[in-house]
Amino acid sequence: MMLSSSSLLHLSLPPKALFSCPVSFPSLLKFKGNLRHGVALLPAMCIPGPTRDTEKSEDAENMPVSSSSSSSSPSNISTYNWCVGLGGLGFLETAYLTYLKLSNSDPFCPIGAGSCSDVLNSDYAVVFGVPLPLIGMTAYGVILLLGLKLGGWNMPLKINQSDGRLLLLPVSASMAVASAYFLYILATRLEGASCSYCLASATLSFSLFFIILKDFGLQELQKVVTLPLCTAAIVLGILSTSYSALPPILPRSEAMDLTYYTTEIISASSPFAISLAKHLKSTGAKMYGAFWCSHCQEQKEMFGREAMQLLDYVECFPDGVKKGIKMVSACSDVGIEGFPTWLINGEVISGEKTLEELAEISGFNYDKVNQPN
């Protein structure tokens, strides 16, 4: 087939591009015929393919989807590693304190000496009868197990990645709120006491909370903020209810070295107080107190001079208060956690009580005792 010069000229003109190409390669078309040099260069029409923007879209589609709940996210892996590390330290610390609390042993306290024992043996180390270190050990244990599970360890926990991650937030928030409340108690109710274990646990709790909080983005946090706030409010309410009626158990810091002294009872005893004291004495009830305790003095004034002479009262610090001096065994054997403490019908009762409350607890009926024969 022969091509005319006009046809050859028409073929040599570049056609309009139908598709954009990042690189164009001309096709070499050779024509043999009467032309001496029957060669024409035609730009090759691009095969329909992706443009630069399309290539970017495909690259984005091929990239793995990352989300805040993905276990492969480096930030999440780092968060879970922190949960394992800090949770493990907190678990070991609270396990040690739980053992001391249950065995009634004195802790090793590099700072504060006897203050650690005073705090551990106080009413504030128990929440509705449950040792506080045991509660802390459980909370740290939950953080530790969730950190291991979410970090990829093969743990026997039937919880998915999303729920496990969400559970970390209210648990850590509750621990942080509880630690802040305990620091408040330490400063206001246990004046003069210093507890290195309390400070260490508070540091761990705050660190865990802020690390876990940082893992949640602002938008995601707005959706779930109700959960940690409600949990923290419940924990705060439980602690406030448990501690509301407890008196301070330690003297002020400047009075930690005290020589034993006696305090005169000013009030006179009523007939009811005398009868109650006789009843308590006959049933083997005892009152345990400390000479420096203001609540103990108030309890004595309720009974008055004559009734207190009838009561079986045990002074727990007859040798004074100073470093190296502990409560007498008669008090420590009972497991006293605050002053005053009553032992009535085998039941240990902490705190100052009214005469009516003591009568009810001991089963004393004043009208029956004083009715005419």
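1. A helpful starting point: two strands pair if DSSP finds at least two bridges between them. Keep that in mind while you look at this structure, which is a predicted model.

2. Let's begin with the hairpin of S7 and S8. There are 2 residues between these strands, and in this hairpin Asn345 takes a positive phi near 55°. Strand S7 covers residues 341-344, while S8 covers residues 347-350. The two run antiparallel and are joined by 4 bridges. To find one spot where they meet, look for Thr341, which stands opposite Ser350 in S8.

3. Now move to the other partner of S7. Strand S5 (residues 286-289) is joined to S7 by 3 bridges, again in the antiparallel sense. Here Lys286 has Leu343 in S7 as its bridge partner.

4. Which sense do S5 and S6 pair in, parallel or antiparallel? Their pairing is parallel, over 3 bridges, with S6 made of residues 313-315. Tyr288 stands opposite Val314 in S6. Between S5 and S6 the chain passes through helix H11 (residues 294-310), giving a right-handed β-α-β crossover.

5. Finally, turn to a pair of helices. Two packed helices are described by the angle between their axes and the distance between the axes. For H6 (residues 161-188) and H9 (residues 226-243), the axes come within 8 Å and cross at roughly 35°. This crossing of H6 and H9 is right-handed. Among the residues that meet are Leu166, Ala173 and Phe182 from H6, and Leu227, Val235 and Tyr243 from H9. The residues of this H6 and H9 contact comprise 16 nonpolar, 3 polar and no charged ones.

How values were computed: Residues are numbered from 1 along each chain as its sequence is written. This is a predicted model: local features need pLDDT of at least 70, side-chain atom pairs count only at pLDDT 80 or more; totals for chains, interfaces and linings use all residues. Side-chain values use heavy atoms; hydrogens and water are left out. A crossover is right-handed if, with the strands pointing away from the viewer, the path from the first strand over the helix to the second runs clockwise. Axes are lines fitted to C-alpha atoms, for helices over the stretch in contact, and angles run from 0 to 180 degrees between N-to-C directions. A crossing is left-handed if the near helix is turned anticlockwise from the far one by less than a right angle, and right-handed if clockwise. Contact means heavy atoms within 4.5 Å. Ala, Val, Leu, Ile, Met, Phe, Trp, Tyr, Cys and Pro count as nonpolar, Asp, Glu, Lys and Arg as charged, and the others, Gly among them, as polar.
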